[in-house]
Amino acid sequence: MTILLEGAPTAPPKAEGWRRTAAGLVSSPVNAAVTVVVACLIAAAFWVFFRWAVLDAAWLGGAEACRVHAGACWPFVRANAQLMTFGVYPQDLLWRPAASLALMAALIAASMIPRLWSLGLALAWGAVPALVCVLLSGAFGGRPVSTNEWGGLPLTLLVWMIAYAGAFVIAIPLALARRSNMGGLRTAAIVVIELVRGVPMLVALYVSRFIVPMTAPGLEINLFVSVETALILFVASYLAEIVRAGLQALPRGQTEAAAALGLSYWRTVQLVLMPQALRAVIPALVNLGIGVLLSTPLVAVIGMTDFLSAVREAASHEQDWPGCFTTAYFVAGLVFFSICFVASRYSRWLERRLRAAGRG
């Protein structure tokens with residue numbers, strides 16, 4: 001049982017929206033002139049990029065071809081794809097990060113299908129990261145691999161997945177506590193949220209890695225554990241405010257109707273409030289997820305080799321591969337852009353789908 005909010009006004013058809021946009025671009029001489037200038041700048045930028053990426057690029061050969069061509073050095077990408085993807089993980093065990101990457105991609109893809117949303121999928125978000133950690137550690141038939149050797153794209157996705165999924169476990173109770181009628185509980189939640197939100201992520205990582213171990217001499221905390229702990233707490237503080245905003249957007253009649261039906265507080269939260277609150281803040285949730293993913297390169301500052309660090313390591317051989325620096329960072333940017341673009345488009349699709357289901 002879920003009491004649904006009224007849906008937003010129906011959006012205009014796409015064709016009509018395109019016509020309005022086109023009409024606005026040339027609605028006056030000034031707008032038409034600005035449109036022409038901007039179009040010319042975009043065309044010029046695209047031509048420069050096209051020459052660099054295609055016409056003047058080296059496609060075949062090795063480092064010698066990159067010295068001849070002034071554009072992108074695509075042979076460098078082929079030669080260093082393994083290093084950029086998996087970092088410095090042991091060569092003889094590369095199947096482990098490859099399998100880990102496939103597992104995480106499969107879980108993310110399954111999570112994008114609404115009909116698969118269930119308790120089992122929620123449990124999978126705890127089981128898959130744990131299985132990935134076991135795989136990367138070299139357990140069950142392989143030699144032990146230190147977390148210092150984990151790296152590349154699998155590490156980036158693993159750090160993001162644990163931080164974002166773990167944050168929900170803390171954020172929802174924090175959001176409910178901040179809305180509680182119990183003054184002490186509400187104050188404690190406010191202090192935790194505002195204290196963590198008041199420091200940059202980099203400071204939180206430094207505190208977790210260097211300051212916390214200093215408070216207990218002799219205590220040695222694993223680098224991966226300290227990073228994930230800091231990220232979970234940091235993301236949870238922002239996520240709690242997003243969830244609280246979704247709860248505040250619901251009319252009081254929702255709670256009163258649930259009470260009239262005899263539902264307890266926790267059943268009201270589970271069946272009435274939380275489904276609608278999370279639905280109302282889907283864009284904010286996706287935006288936070290994208291922001292966390294784009295912030296994962298900060299873990300390199302305290303010694304972890306994430307995807308961007310692996311790309312930087314590969315690009316450090318500029319003297320051997322002329323032009324590889326720009327090419328390597330273009331590939332890294334393309335990977336991050338592709339993930340975030342798909343996430344943003346999915347967010348828009350899911351919002352429209354849930355809105356249509358709410359009206360139905």
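UniProt annotations, given here in the numbering of the model and with shortened feature names, may be inferred rather than shown by experiment. With that reservation, an unreviewed UniProt entry assigns the annotation "transmembrane region" to residues 29-50, 93-113, 120-140, 152-176, 188-211, 223-243, 284-305 and 325-346. The structure examined against this record is a predicted model.

The chain comprises 360 residues, of which 39% are buried. Its secondary structure amounts to 15 helices and one strand. The C-alpha trace extends over about 75 × 70 × 35 Å along the principal axes. Among contacts with a sequence separation of 6 or more, 70% join residues 24 or more positions apart. The exposed area of the chain is about 19500 Å², and 69% of this area is supplied by carbon and sulfur atoms.

Two of the annotated transmembrane spans were considered individually. Residues 29-50 are 100% helix and 0% strand, with end C-alpha atoms 31 Å apart. Residues 223-243 are likewise 100% helix and 0% strand, and the end C-alpha atoms of that span lie 30 Å apart. The unreviewed UniProt entry also places the feature "domain: ABC transmembrane type-1" at residues 153-347. Over residues 153-347, helix accounts for 79% of the chain and strand for 1%, while the end C-alpha atoms are separated by 23 Å.

The largest nonpolar core contains 99 residues, and those with the most contacts inside it are Phe76, Trp150, Leu158, Phe224, Val227 and Leu231. Helix H7, residues 152-178, provides the largest share of this core, with 17 residues. Of the 27 residues of H7, 22 are buried, and the helix is therefore largely enclosed by the rest of the structure. A rise of 1.5 Å a residue predicts a span of 39 Å for the 27 residues of H7; the 38 Å between its end C-alpha atoms agrees with this expectation. H7 also bends by about 30° at Phe168.

The surroundings of Leu158 illustrate the packing of the core. Beyond its neighbours within four places in sequence, Leu158 is in contact with Met104, Pro129, Val132, Cys133, Leu136, Trp150, Phe224 and Glu228. One of these partners, Cys133, is located in helix H6, residues 119-136. When residues up to four places away in sequence are not counted, Cys133 touches Trp150, Leu158, Ile162 and Phe224. Cys133 and Trp150 are 17 residues apart in sequence, and their C-alpha atoms are 9.7 Å apart in space.

Two further residues were examined in other helices. Asn80 is found in helix H4, which covers residues 74-86. Asn80 has a relative accessibility of 12% and therefore counts as buried, the limit for this class being under 20%. Leaving aside neighbours within four places in sequence, Asn80 is in contact with Ala314 and Trp321.

Leu55 belongs to helix H2, which runs over residues 29-55. Because its relative accessibility is 46%, Leu55 counts as partly exposed. Apart from residues up to four places away in sequence, Leu55 touches Trp47 and Phe50. Leu55 and Ala230 are separated by 175 residues in sequence and by 46 Å in space, C-alpha to C-alpha.

How values were computed
Residues are numbered from 1 along each chain as its sequence is written. This is a predicted model: local features need pLDDT of at least 70, side-chain atom pairs count only at pLDDT 80 or more; totals for chains, interfaces and linings use all residues. Side-chain values use heavy atoms; hydrogens and water are left out. A nonpolar core is a set of buried Ala, Val, Leu, Ile, Met, Phe, Trp, Tyr and Cys residues joined through side-chain atoms within 4.5 Å. Buried means under 20% relative accessible area, exposed over 50%, partly exposed in between (1.4 Å probe, protein chains only). Helices (H or I, at least four residues) and strands (E, at least two) are DSSP runs, numbered from the N terminus. Contact means heavy atoms within 4.5 Å. The expected span of a helix is 1.5 Å times one less than its number of residues. The bend at a residue is the angle between axes fitted to the seven residues ending there and the seven starting there. Accessible areas come from the Shrake-Rupley method with a 1.4 Å probe; for residues, only the protein chains shown count as cover.
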